[in-house]
Amino acid sequence: MLLRRGSPEPPAPCARCSRRAAGVRWGDLCPECLAELRRRASPLARIISLVFAGVVIGYAYWRIPLTPATRIWVAAIAVATYFLVRKITTGIAVELMRK
Ligand SMILES: [Zn+2]
């Protein structure tokens with residue numbers, strides 16, 4: 001059988017379950033494995049990001065004179081810290097668990 005030139009590359013097998021899915025490149029995980037790893041990483045990432053958000057609030061409480069305006073800023077920064085740390089921790093946990 002001849003390979004047609006210009007045809008799209010066939011999908012590579014998933015690095016974890018060896019299932020072939022569209023858009024998976026060599027060494028990548030299929031969408032099902034990625035979703036499962038993210039689901040397993042979620043509770044840990046939630047706890048770590050809550051701790052980091054608490055540290056931000058604690059730092060502001062003890063180190064910054066709090067006015068109504070700074071309270072709003074601290075709340076916004078704590079929420080932003082929560083989501084940012086959660087995204088980073090989930091990414092790290094997925095990378096560590098994929099092996
Ligand atoms: Zn897979």
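Which residues does R86 touch, not counting residues up to four places away in sequence? In the predicted model examined here, R86 touches A45, R46 and S49 once those sequence neighbours are set aside. R86 is placed in helix α2, which covers residues 68-97. With 20 other C-beta atoms within 10 Å, R86 is classed as buried, because 20 or more such atoms are required for that class. A further pairing involves I47: the two residues are 39 positions apart in sequence, yet the C-alpha atoms of R86 and I47 are 8.7 Å apart in space.

The overall architecture provides the setting for this residue. The chain contains 2 helices and 0 strands. Its radius of gyration is 21 Å, well over the 13 Å given by the globule rule for 99 residues, so the chain is more spread out than a compact globule. The C-alpha trace spans about 75 × 25 × 15 Å along its principal axes. Of the 99 residues, 8% count as buried. Among contacts in the chain with a separation of 6 or more, 51% are accounted for by residues 24 or more positions apart.

Helix α2 comprises 30 residues. From its first C-alpha to its last, α2 reaches 43 Å, close to the 44 Å expected at 1.5 Å a residue. The buried residues of this helix are V85, R86 and T90, and what covers them includes α1.

The relation between the two helices was then examined. Two packed helices are described by the angle between their axes and the distance between the axes. For α1 and α2, the axes come within 7 Å and cross at roughly 145 degrees, and the crossing is right-handed. The residues of the contact of α1 with α2 divide into 19 nonpolar, 5 polar and 4 charged.

Another point of contact involves L37, a residue of helix α1. Leaving aside neighbours within four places in sequence, L37 is in contact with V94, M97 and R98. The C-alpha atoms of L37 and M97 are separated by 7.1 Å, although the two residues are 60 positions apart along the chain. L37 has 19 other C-beta atoms within 10 Å and is therefore partly exposed, since a buried residue must have 20 or more.

Attention turns next to the segment before α1, the helix itself covering residues 31-63. C14 lies in this segment and touches R19, A21, V24, L29, C30 and C33, not counting residues up to four places away in sequence. One of these contacts, C33, is 19 residues from C14 in sequence, with a C-alpha to C-alpha distance of 8.3 Å. C14 is partly exposed, because the 19 other C-beta atoms within 10 Å do not reach the 20 needed for a buried residue.

S18 is also placed in the segment before α1. The phi angle of S18 is near 65 degrees, a positive value in a residue other than glycine. S18 has 9 other C-beta atoms within 10 Å and is therefore exposed, the limit for that class being 12 or fewer. In this segment, then, S18 is exposed, whereas C14 is partly exposed.

Terms used:
Residues are numbered from 1 along each chain as its sequence is written. This is a predicted model: local features need pLDDT of at least 70, side-chain atom pairs count only at pLDDT 80 or more; totals for chains, interfaces and linings use all residues. Helices (H or I, at least four residues) and strands (E, at least two) are DSSP runs, numbered from the N terminus. Two residues are in contact if their C-beta atoms, placed from the backbone, lie within 7 Å. The radius of gyration is taken over C-alpha atoms; the globule rule is 2.2 Å times the number of residues to the power 0.38. The expected span of a helix is 1.5 Å times one less than its number of residues. Axes are lines fitted to C-alpha atoms, for helices over the stretch in contact, and angles run from 0 to 180 degrees between N-to-C directions. A crossing is left-handed if the near helix is turned anticlockwise from the far one by less than a right angle, and right-handed if clockwise. Ala, Val, Leu, Ile, Met, Phe, Trp, Tyr, Cys and Pro count as nonpolar, Asp, Glu, Lys and Arg as charged, and the others, Gly among them, as polar.
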